[in-house]
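Below is a walk through one protein model, written for someone who has not seen it before. Keep the sequence and the picture side by side while reading.

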Amino acid sequence: MEKQPNISRRAPDIVRPTVDPARCEGKAACVAVCPVDVFEIVRIPDETYRDLPLLAKFKIWAHGMKTAATPNAAACEGCGLCVSACPEHAIRLQRAG
Ligand code: SF4
């Protein structure tokens, strides 16, 4: 697993999770662990799906065309629980702005 930058707790207002659509299988571990409801599982947008490599397209199709979205990303507290919980290593924390 890739090591995440140790930026949580020090500056929570500038940390946001990003989901790699080529890795996410919509298993919802992030939804279960996030204390501030950042995530929801949605149907992958057509334009996102269209731009994925063939193997990723097949994987997402096989898992019901689901992916994690971050409609409440601004609420992120930078705890890192989603990064640790994701079985596909699809989530990263990045500085916003
Ligand atoms: S780092 Fe913590 S608060 Fe931010 S999205 Fe992940 S689980 Fe939620």
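The paragraphs that follow go from the overall layout to the core, the ligand and a few loop residues.

The model shown here is predicted. The protein has four helices and four strands. Read from the N terminus, its elements come in the order β-α-β-α-α-β-α-β. Of the 97 residues in the protein, 22% are buried. If we take the contacts between residues at least 6 apart in sequence, 80% of them join residues at least 24 apart.

A good place to begin is strand E1 (15-19). E1 pairs with E4 in the antiparallel sense, over five bridges. Within this pairing, Val15 stands opposite Arg95 of E4. The side chains of E1 alternate along the strand. Val15, Pro17 and Val19 point to one face and are buried, whereas Arg16 and Thr18 point to the other face and are not buried.

Both of these strands also take part in the interior. The largest nonpolar core has 15 residues. Strand E1, helix H4 (81-85) and strand E4 (91-95) each supply at least two residues of this core. The members that touch the most other members are Cys30, Phe39, Cys82, Cys86 and Ile91. For Cys86, the contacts beyond four places in sequence are with Ala29, Cys30 and Ile91.

Next comes the ligand. Which of the residues around the ligand come nearest? There are 14 residues around the ligand, and Cys34, Val38, Cys76, Cys79 and Cys82 come nearest. By type, this shell consists of eleven nonpolar residues, two polar ones and one charged one. Cys82 thus appears twice in this account, as one of the residues nearest the ligand and as one of the core members with the most contacts to other members.

The loops deserve a separate look. Asp37 is found in the loop between helix H1 (29-33) and strand E2 (40-43). Is Asp37 buried or exposed? Asp37 is exposed, because 10 other C-beta atoms lie within 10 Å, and a residue counts as exposed at 12 or fewer. Its phi is positive, at about 55 degrees, although Asp37 is not a glycine. Most residues other than glycine have a negative phi.

His89 shares this feature of the backbone: its phi is positive, at about 50 degrees, and His89 is not a glycine either. His89 lies in the loop between H4 and E4. Because 13 other C-beta atoms lie within 10 Å, His89 is partly exposed.

Asn72 belongs to the loop between strand E3 (66-69) and H4. Asn72 is partly exposed, because it has 13 other C-beta atoms within 10 Å. Leaving out residues up to four places away in sequence, Asn72 touches Val36, Asp37 and Val38. Val38 is also one of the residues nearest the ligand, and Asp37 is the exposed residue described above. Asn72 and Phe39 are 33 residues apart in sequence, yet their C-alpha atoms are 6.7 Å apart in space.

The last residue on this route is Lys27, which sits in the loop between E1 and H1. With 17 other C-beta atoms within 10 Å, Lys27 is partly exposed, because 20 or more would be needed for a residue to be buried. Lys27 and Ile41 are 14 residues apart in sequence and 8.2 Å apart in space, taken from C-alpha to C-alpha.

Note on methods
Residues are numbered from 1 along each chain as its sequence is written. This is a predicted model: local features need pLDDT of at least 70, side-chain atom pairs count only at pLDDT 80 or more; totals for chains, interfaces and linings use all residues. A residue is near a molecule or strand if its C-beta atom, placed from the backbone, lies within 6 Å of it. Ala, Val, Leu, Ile, Met, Phe, Trp, Tyr, Cys and Pro count as nonpolar, Asp, Glu, Lys and Arg as charged, and the others, Gly among them, as polar. A nonpolar core is a set of buried Ala, Val, Leu, Ile, Met, Phe, Trp, Tyr and Cys residues joined through C-beta atoms within 7 Å. Two residues are in contact if their C-beta atoms, placed from the backbone, lie within 7 Å. Two strands pair if DSSP finds at least two bridges between them.
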